[in-house]
Amino acid sequence: MSLDEKYMSQALAEAERAFSRGDVPVGAVLVRNGEVLGRGANVKTGDPTAHAEIQAIRTAAESIGSWNLGGCDLYVTLEPCAMCAGACVNARVRNIVFGAKDPKAGAAGSLYNIPRDARLNHRCGVRGGVMESCCAELLIKYFRLRRAARK
């Protein structure tokens, strides 16, 4: 198992916890030097920023006592949206590693490429498609069940 798969498996575990609560199953872990500093999963609340990536960034920043997450890699099961990609840039995340692409809202290569935009003051490396089928299957299952419940 590669390091990317090791940490994506942990992000998937966060996504599965979200699924079990009835939340959109997206999970994230933020890692530096082999240590998981932050974890997160999407949470249904009145807070529109309660995305897995934001949760992981917040807990990591709190754990190290700094907003600067240079040298950290974010593993997330779904390609980050514009808000989360921007948060990674602002937090100086080194790499974003994601599972499934998001053709409707992805901002790390699908619709936009915020992490690599040369006009910004920081750029993140991006690797997509890590354990893509596992990440996508959980999301597909969630939305299939949600549609069936509405019928």
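Let's start with helix 1, residues 3-21, which lies across strand 1 (27-32), strand 2, strand 3 (73-78), strand 4 and strand 5. Its direction makes an angle of about 50° with strand 3. Keep in mind as you look around that this is a predicted model. Helix 2, residues 52-64, also lies across part of the sheet, touching strand 1, strand 2 and strand 3. Relative to strand 2, helix 2 runs at about 140°.

Now for the sheet itself. In what order do the 5 strands sit? Reading across, the order is 2-1-3-4-5, in an open sheet with mixed pairing. Strand 2 (35-41) and strand 5 (125-127) are at the edges with a single partner strand each, so one side of each has no neighbour in the sheet. From one strand to the next, the twist averages 15°.

Let's walk through some of the pairings. Strand 1 and strand 2 run antiparallel and are joined by 6 bridges. Within that pairing, you can find Val31 opposite Val36 of strand 2. These two strands make a hairpin with 2 residues between them, and Asn33 in this hairpin has a positive phi near 50°. On to the next pairing: strand 1 also pairs with strand 3, again in the antiparallel sense, over 4 bridges. Here Leu30 has Leu74 of strand 3 as its bridge partner. Strand 1 has 5 of its 6 residues buried, so the rest of the structure largely encloses it. Over at strand 5, things run the other way: strand 4 (residues 95-100) and strand 5 are parallel, with 3 bridges between them. Look for Ile96, which stands opposite Val126 of strand 5.

What fills the inside? In soluble globular proteins, nonpolar side chains tend to be buried together. In this model, the largest nonpolar core has 40 residues, and Leu30, Leu69, Leu74 and Val93 are the ones with the most contacts inside it. Helix 1, strand 1, helix 2, strand 3, helix 3 (82-90), strand 4 and helix 4 each contribute at least two residues to this core. Take Val93 and see what is around it: leaving out residues up to four places away in sequence, Val93 touches a list that includes Leu30, Leu69, Leu74, Cys88 and His122.

Helix 3 deserves a stop of its own. Which of its residues are buried? They are Cys84, Ala85, Gly86, Ala87, Cys88 and Val89. Helix 2, strand 3 and strand 4 are among the parts that cover them. After helix 3 comes Arg92, with a positive phi near 65°.

Just before helix 3, in the loop that follows strand 3, you'll find Cys81. Cys81 has a relative accessibility of 17%, so it counts as buried. Gly106 is 25 residues away from Cys81 along the chain, yet their C-alpha atoms are separated by 4.9 Å. Setting aside residues up to four places away in sequence, Cys81 touches His51, Glu53, Ala105 and Ala107.

Next, the aromatic rings. A pair of aromatic rings is described by the distance of the centres and the angle of the planes. The model has 3 aromatic pairs. One of them is Tyr7 with Tyr75, a tilted pair at 5.3 Å centre to centre and 45° between the planes. Tyr7 belongs to helix 1 and Tyr75 to strand 3, so this pair links parts of the chain 68 residues apart. Tyr7 is buried, at 4% relative accessibility, and Tyr75 is buried with a relative accessible area of 4%. Phe19 and Tyr142 make an edge-to-face pair, because their planes are at 70°, with the ring centres 6.3 Å apart. Phe19 is in helix 1 and Tyr142 in helix 4 (residues 132-150), so this pair ties together parts 123 residues apart in sequence. Tyr142 is buried too, at 6% relative accessibility. Phe143 joins Phe19 and Tyr142 in one aromatic cluster.

Finally, go back to helix 1, where Asp4 sits. Is Asp4 buried or exposed? With 17% relative accessibility, Asp4 counts as buried. Its side chain meets that of Arg127 in a polar contact of 3.0 Å. Beyond its neighbours within four places in sequence, Asp4 is in contact with Tyr75, Val97, Arg127 and Val130.

Conventions
Residues are numbered from 1 along each chain as its sequence is written. This is a predicted model: local features need pLDDT of at least 70, side-chain atom pairs count only at pLDDT 80 or more; totals for chains, interfaces and linings use all residues. Side-chain values use heavy atoms; hydrogens and water are left out. Two strands pair if DSSP finds at least two bridges between them. Axes are lines fitted to C-alpha atoms, for helices over the stretch in contact, and angles run from 0 to 180 degrees between N-to-C directions. Contact means heavy atoms within 4.5 Å. Rings of Phe, Tyr and Trp (its six-membered ring) pair if their centres lie within 6.5 Å; planes under 30 degrees apart count as stacked, over 60 as edge-to-face and the rest as tilted. Buried means under 20% relative accessible area, exposed over 50%, partly exposed in between (1.4 Å probe, protein chains only). A polar contact is a pair of N or O atoms within 3.5 Å; within protein, one must be able to donate a hydrogen and the other to accept it, and residues adjacent in sequence count only if both atoms are side-chain atoms. A nonpolar core is a set of buried Ala, Val, Leu, Ile, Met, Phe, Trp, Tyr and Cys residues joined through side-chain atoms within 4.5 Å.
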